[in-house]
Protein chains: 2
Amino acid sequence: MTLGDMDFPTPGPGHDCRMVREILDLVGDKWSLYIIASLKDGPVRFNELRRRIDGISQRMLTITLRGLERNGLVSRTLFPTIPPRVEYELTDVGRSLLEPVMALTLWANANQLNIQHARARYDAS
Amino acid sequence: MTLGDMDFPTPGPGHDCRMVREILDLVGDKWSLYIIASLKDGPVRFNELRRRIDGISQRMLTITLRGLERNGLVSRTLFPTIPPRVEYELTDVGRSLLEPVMALTLWANANQLNIQHARARYDAS
DNA sequence: CAGTATCCAACGCGATACTG
DNA sequence: CAGTATCGCGTTGGATACTG
């Protein structure tokens, strides 16, 4: 079974939810959303990106950027100077992802306390 | 740094995106969304749920349900009969999560091909 | 029926060291 | 500057067996 076999309530009837898990596989890891957020205002170089995202290792920055590039969410531009210079930038597709992520953000802000309380209640019992 | 330290473009200005990663921690695992989708039409018993979600093990169904229950997204009702009967149901909070998930779904459907092609191109080079 | 318990393989990620 | 290579640990999740 895939998520697509089950349908969520939708704006228009008959629409299903194929591929939701695929998005989570895209940006559901530890760092992708931080990178996307860090790139929202324009191109950023590798080490600058690293400085902006506190706690990320060089290795994970490279790996995560490769994934985002592979999926067409981020573009990589190499300027063959010495020393080399590489700029990462959101593609249009990558930028368009900010909208649904915003919807999640709003939900999170609205339900943050609900969840905290639910957890406290559950852990108490 | 948290995601909240970076702001996404928003409907209203000055709004940030705190807690996005927290949602991913809530439902970003392998099975949560399948369970939520399976519960959208009303309460379902344990083994029925298991039958509806192809591939999930008994163990993972239990664990994932406990997590959703703890976070207040799913409620668990025990009918102390013999044999026991347990019904799981989306809470209002859990149900409200379907909306932002829908936004992600729509994005996925719109960008599915883009992503496939991007991957094909990347893997070819 | 609705779980628990145990074991284990795969993966994600961090730390560290090295390079064109 | 912008990476790659290697190692190792902790977590996730699957398989299987057992239980009130």
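**Exercise 1. A lysine and its neighbour**

B:Lys40 is buried in this predicted model, at a relative accessible area of 16%. Which partner does the side chain of B:Lys40 meet in a salt bridge? Is that partner, B:Asp41, buried or exposed?

Before solving, a word on the model: it is predicted, local features need pLDDT of at least 70, side-chain atom pairs count only at pLDDT 80 or more, and totals for chains, interfaces and linings use all residues. Residues are numbered from 1 along each chain as written, chains are lettered from A and ligands numbered from 1 in the order written, and side-chain values use heavy atoms, without hydrogens or water.

*Solution.*
- Step 1: Find the partner. The side chains of B:Lys40 and B:Asp41 meet in a salt bridge at 3.2 Å, N to O (a side-chain nitrogen of Lys or Arg within 4 Å of a carboxyl oxygen of Asp or Glu).
- Step 2: Check the surroundings. B:Asp41 is exposed, at 69% relative accessibility, while B:Lys40 is buried at 16% (buried is under 20% relative accessible area, exposed over 50%, partly exposed in between, with a 1.4 Å probe and protein chains only).
- Step 3: Set the pair in context. Over all chains, the structure has 12 salt bridges.

**Exercise 2. Salt bridges in helix 3**

Look at A:Glu48 and A:Arg51: how many residues apart are they in helix 3 of chain A? Then turn to B:Glu48 and B:Arg51 in chain B.

*Solution.*
- Step 1: Start with chain A. A:Glu48 and A:Arg51 form a salt bridge at 2.7 Å, N to O.
- Step 2: Place the two along the chain. They sit 3 residues apart in helix 3 (residues 46-52) of chain A, so about one helical turn separates them (a helix is a DSSP run of H or I with at least four residues, numbered from the N terminus).
- Step 3: Read their accessibility. A:Glu48 is partly exposed at 29%, and A:Arg51 is exposed at 60%.
- Step 4: Move to chain B. B:Glu48 and B:Arg51 meet in a salt bridge at 2.6 Å, N to O, and they too are 3 residues apart in helix 3 (residues 46-52) of chain B, about one helical turn.
- Step 5: Read accessibility here as well. B:Glu48 is partly exposed at 28%, and B:Arg51 is exposed at 61%.
- Step 6: Return to chain A for a network. Shared partners link the salt bridges of A:Glu48, A:Arg51 and A:Arg52 into one network.

**Exercise 3. Pairs of aromatic rings**

How many aromatic pairs are there over all chains?

*Solution.*
- Step 1: Count the pairs. There are 2 over all chains (rings of Phe, Tyr and Trp, by its six-membered ring, pair if their centres lie within 6.5 Å; planes under 30 degrees apart are stacked, over 60 edge-to-face, the rest tilted).
- Step 2: Examine chain A. The ring centres of A:Trp31 and A:Tyr34 are 5.7 Å apart and the planes stand at 55°, so this pair is tilted.
- Step 3: Ask whether these residues are covered. A:Trp31 is buried at 10% relative accessibility, and A:Tyr34 is buried at 11%.
- Step 4: Examine chain B. B:Trp31 and B:Tyr34 have ring centres 5.7 Å apart and planes at 55°, so they are tilted; both residues are buried.

**Exercise 4. An arginine over a ring**

Over the face of which residue does A:Arg85 lie?

*Solution.*
- Step 1: Find the ring in chain A. A:Arg85 lies over the face of A:Phe79, 4.7 Å from the ring centre (NZ of Lys or CZ of Arg must be within 6 Å of the ring centre and within 35 degrees of the ring normal).
- Step 2: Look at chain B. B:Arg85 lies over the face of B:Phe79, at 4.7 Å from the ring centre.

Note on methods
Helices (H or I, at least four residues) and strands (E, at least two) are DSSP runs, numbered from the N terminus.
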